[in-house]
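Here are some exercises to work through with the model open in your viewer. Try each task yourself before reading its solution.

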Amino acid sequence: RYRQVKQMMCQLMERRSQLLSGTLPKDELLQLKREVTGRIDYGNKILALDLVVRDEDENILDPDRTSVTSLFQAHKKAAQTVTQRIQEETSPQQNVLSCSAHRAASPSHSLYLCVRNFVCNIGEEAQLLMTLYDPGQQRSISESYVIRWASTGVPQDLELLNNLKVIFTDLGSNDLKREQLFLVCQIIRVGRMDLRESFSRKLSTGLRRPFGISGERGV
């Protein structure tokens with residue numbers, strides 16, 4: 001029993017480090033939180049300690065704000081869950097499958113992007129906005145990586161020449177299961193309202209206008 005509890009404590013400390021890292025996506029965070037609370041309830045059960053009842057978000061129920069009936073139902077559900085977990089833990093086949101799944105699982109995933117060059121005849125400054133896009137949901141699933149390009153055809157910050165790199169982090173398992181995923185690059189022209197404006201006139205400056213878009217499928 002001592003070795004069993006020691007192993008569970010080591011697992012809890014490892015999960016705690018992942019929770020405090022702040023790099024987990026929301027779905028992975030909730031799943032890991034449920035795993036941690038389930039492991040705690042399992043340990044309390046085998047040590048003959050009190051069973052802690054929780055809500056759907058794995059937060060401890062406040063007896064002063066929860067009715068007796070709700071507490072009873074939550075306690076009954078928690079007891080059934082712990083009993084089922086003990087049966088699964090004691091099953092040799094299930095134990096092997098759980099260990100294999102744990103080794104194969106990753107708390108989060110990342111996508112590394114390196115931009116080598118950008119060639120487009122704009123004539124003015126430009127901004128490149130790169131983001132991950134799900135066409136099924138018709139929305140972006142990441143923040144945009146912004147590259148500021150000078151009218152001379154090089155990055156505005158010359159120190160970033162050949163060093164335009166970004167990592168899209170916090171990609172959960174559900175993101176890997178998406179049917180399609182695109183890397184989209186939006187080109188924004190920054191300058192005059194109209195490129196045909198004569199230089200003899202007072203020019204409008206600093207205006208951001210859509211210029212083009214490109215996408216790469218199968219990220």
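Which residue in S6 does Gln-127 stand opposite? Keep in mind that you are looking at a predicted model.

**Exercise 1. Place strand S6 among its neighbours.**

Solution.
- Step 1: Begin with the opening question. The residue opposite Gln-127 is Ile-188 in S6.
- Step 2: Widen the view to the two strands. S2, residues 125-134, pairs with S6 in the antiparallel sense, and nine bridges join them.
- Step 3: Now look for another partner of S6. Strand S7 (residues 207-217) also pairs with S6, over ten bridges and in the antiparallel sense.
- Step 4: Pick one contact between S6 and S7. Phe-182 has Arg-217 in S7 as its bridge partner.
- Step 5: Check how covered the strand is. S6 spans residues 182-191, and eight of its ten residues are buried.

**Exercise 2. Find the salt bridges and say what each pair links.**

Solution.
- Step 1: Start with the count, which is four salt bridges in the structure.
- Step 2: Take Arg-189, whose side chain meets that of Glu-124 in a salt bridge with an N to O distance of 2.8 Å. This pair connects distant parts of the chain, 65 residues apart: Arg-189 belongs to strand S6, while Glu-124 sits in the loop between strand S1 (109-115) and S2. Arg-189 and Glu-124 are both buried.
- Step 3: Move on to Arg-178 and Asp-134. Their closest N and O atoms are 2.5 Å apart, and the two form a salt bridge. Here too the pair links distant parts of the chain, with Arg-178 in the loop between H5 and S6, Asp-134 in strand S2, and their positions 44 residues apart. Both of these residues are buried.
- Step 4: Look for shared partners. Glu-14, Arg-15 and Glu-35 are joined into one network by salt bridges that share partners.
- Step 5: Zoom in on one link of that network. Glu-14 and Arg-15 form a salt bridge whose closest N and O atoms are 3.5 Å apart. Glu-14 is partly exposed, at 39% relative accessible area, whereas Arg-15 is buried, at 7%.

**Exercise 3. Describe the second largest pocket and its lining.**

Solution.
- Step 1: Give the volume. The second largest pocket holds about 310 Å³ of space.
- Step 2: Locate the centre. Of the 20 lining residues, Ile-141, Ser-142, Thr-169, Asp-170 and Leu-171 lie nearest to it.
- Step 3: Trace the lining back to the fold. Helix H2 (26-46), strand S5 (164-171) and helix H5 (173-176) each give at least two residues, and the largest share, six residues, comes from S5.
- Step 4: Sort the lining by character: seven residues are nonpolar, six polar and seven charged.
- Step 5: Ask which domains take part. Domain 1 (1-90) and domain 2 (109-189) each contribute at least three residues to the lining.

**Exercise 4. Examine the backbone at Ala-48 and Gln-138. Are these residues buried or exposed?**

Solution.
- Step 1: Recall the background. Most residues other than glycine have a negative phi.
- Step 2: Read the angles. Ala-48 has a positive phi of about 60°, and Gln-138 has a positive phi of about 55°.
- Step 3: Find their places. Ala-48 is in the loop between H2 and helix H3 (68-90), and Gln-138 is in the loop between S2 and strand S3 (139-140).
- Step 4: Apply the cut-off for exposed, which is over 50% relative accessible area. Ala-48 has 69% relative accessibility, so Ala-48 counts as exposed. Gln-138 has 64%, so Gln-138 counts as exposed.

Terms used. Residues are numbered from 1 along each chain as its sequence is written. This is a predicted model: local features need pLDDT of at least 70, side-chain atom pairs count only at pLDDT 80 or more; totals for chains, interfaces and linings use all residues. Side-chain values use heavy atoms; hydrogens and water are left out. Buried means under 20% relative accessible area, exposed over 50%, partly exposed in between (1.4 Å probe, protein chains only). Helices (H or I, at least four residues) and strands (E, at least two) are DSSP runs, numbered from the N terminus. Two strands pair if DSSP finds at least two bridges between them. On a 1 Å grid over the protein atoms alone, a cavity is a set of points where a 1.4 Å probe fits but cannot get out, and a pocket is an open set with protein on both sides within 12 Å along at least five of seven lines; lining residues have an atom within 4 Å of a point. Grid points are joined across faces, edges and corners, and a volume is the space filled by probe spheres set on the points. Ala, Val, Leu, Ile, Met, Phe, Trp, Tyr, Cys and Pro count as nonpolar, Asp, Glu, Lys and Arg as charged, and the others, Gly among them, as polar. Domain bounds come from an automatic or database domain assignment.
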